Amino acid sequence: MTRKLIVPTLIGFILFLTIPILYLANYSQTITTEDQKVVYELPYPGILPDHPLYFFKAIRDKILDFSTRDKLKKVDLYILFSDKRARMAQLLSDKGKMDQAITTMSKSEKYFLKIPKLLIQSKEQGEAPKNELIDRVKASNKKHREVIQELLKTAPEGEQYRITEILMINENSQNDLENLQ
């Protein structure tokens, strides 16, 4: 009789501990405050725009963009392109190449600006994006804002207007994403 009670009690205890832990682990990925950084990892960008062979990478990206027809796959591709360029902007800024960093971050946000339109088009065509994809897009947008704000802090005074324009593009993307729901 005690054995019959021990197994359900043990299972209940395990569930009692694991469900809140899993919930907090998922919830903590989207929590941001003014002091904390966004929990979203930008991918390794490979070669940077200051490298002499960078144009091969740009050509490859244009070919991938042209050859991808599925809207949701194109969203994934644009997330990758924009995230890589955001990371490139960080690295270029660290190198002291602020002009190239700002230009690269601008390209990043221009790629990102296409994402909400693609999500709307895929929804209209009957292929609704999954919540995980939308959450990833929103997290990416928040991370981009963080990178832009870092650039704004380190940029010389004459370049801050360009970064402010990039920040406005990011806010437009955020508004478009909020209107999806």
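1. Helix H3 has 24 residues, and in this predicted model the distance from its first C-alpha to its last is 35 Å, close to the 34 Å expected at 1.5 Å a residue. H3 is mostly covered, since 17 of its 24 residues are buried. Just after H3, Gly-96 takes a positive phi of about 90°.

2. Within H3 (residues 71-94) lies Ser-93, and this serine counts as buried because its relative accessibility is 16%, where the cut-off for buried is under 20%. With residues up to four places away in sequence not counted, Ser-93 touches Met-98, Ala-101, Leu-151 and Thr-154. Two of these partners, Met-98 and Ala-101, appear in the list of buried residues of H4.

3. Helix H4 (residues 98-113) has 16 residues and reaches 22 Å between its first and last C-alpha, close to the 22 Å expected at 1.5 Å a residue. The buried residues of H4 include nonpolar ones such as Ile-102, Met-105 and Phe-112, but Thr-104, Ser-106, Ser-108 and Glu-109 are also among them. As a set, the buried residues of H4 pack against H3, helix H5 (115-124), helix H6 (131-154) and helix H7 (160-180).

4. The largest nonpolar core contains 36 residues, of which Val-75, Met-105, Ile-115, Leu-119 and Val-137 touch the most other members. Each of H3, H4, H5, H6 and H7 supplies at least two residues of this core, and H3 gives the most, with 10 residues. In soluble globular proteins, nonpolar side chains tend to be buried together. For Met-105, the contacts beyond four places in sequence are with Ala-86, Ala-89, His-144, Val-147, Ile-148, Leu-151 and Ile-166. Leu-151 is therefore a residue that Met-105 touches and that Ser-93 touches as well, under a definition of contact as heavy atoms within 4.5 Å.

5. A reader going through helix H6 should also look at Lys-143, which is placed in that helix. Is this lysine buried or exposed? Lys-143 is buried, because its relative accessible area is 11% and buried means under 20%. Leaving aside neighbours within four places in sequence, Lys-143 is in contact with Val-38, Tyr-40 and Leu-42.

6. The loop between H2 and H3 holds Asp-70, which is partly exposed because its relative accessible area is 28%, a value that falls between the cut-offs of 20% for buried and 50% for exposed. Asp-70 and Ser-122 are 52 residues apart in sequence, yet their C-alpha atoms are 8.6 Å apart in space.

7. On the surface, a nonpolar patch of about 570 Å² is made by Ile-47, Leu-53, Phe-55, Phe-56, Ile-59 and Ile-63. Of these patch residues, Phe-56 is found in helix H2, which covers residues 54-67. For the protein as a whole, the accessible surface comes to about 11700 Å², and 60% of that surface belongs to carbon and sulfur atoms.

8. Taken overall, the protein has 7 helices and 0 strands, so that, with helices and strands taken as DSSP runs, the elements from the N terminus on read α-α-α-α-α-α-α. Of its 181 residues, 36% count as buried. Among contacts between residues at least 6 apart in sequence, 76% join residues at least 24 apart.

Definitions and conventions:
Residues numbered from 1 in each chain as written. Predicted model: local features only at pLDDT ≥ 70, side-chain atom pairs only at ≥ 80, totals over all residues. Heavy atoms only, no water. Patch = residues over 30% accessible without salt bridge, like charges linked within 9 Å, V, L, I, M, F, W, Y side chains within 5 Å. Areas by Shrake-Rupley, 256 points an atom, 1.4 Å probe, with all protein chains shown as cover. Salt bridge = Lys/Arg side-chain N within 4 Å of Asp/Glu carboxyl O. Helix = DSSP H or I, 4+ residues; strand = E, 2+ residues; numbered from the N terminus. Buried < 20%, exposed > 50% of the residue type's maximum accessible area, 1.4 Å probe, protein only. Expected span 1.5 Å × (residues − 1). Core = buried A, V, L, I, M, F, W, Y, C linked by side-chain atoms within 4.5 Å.
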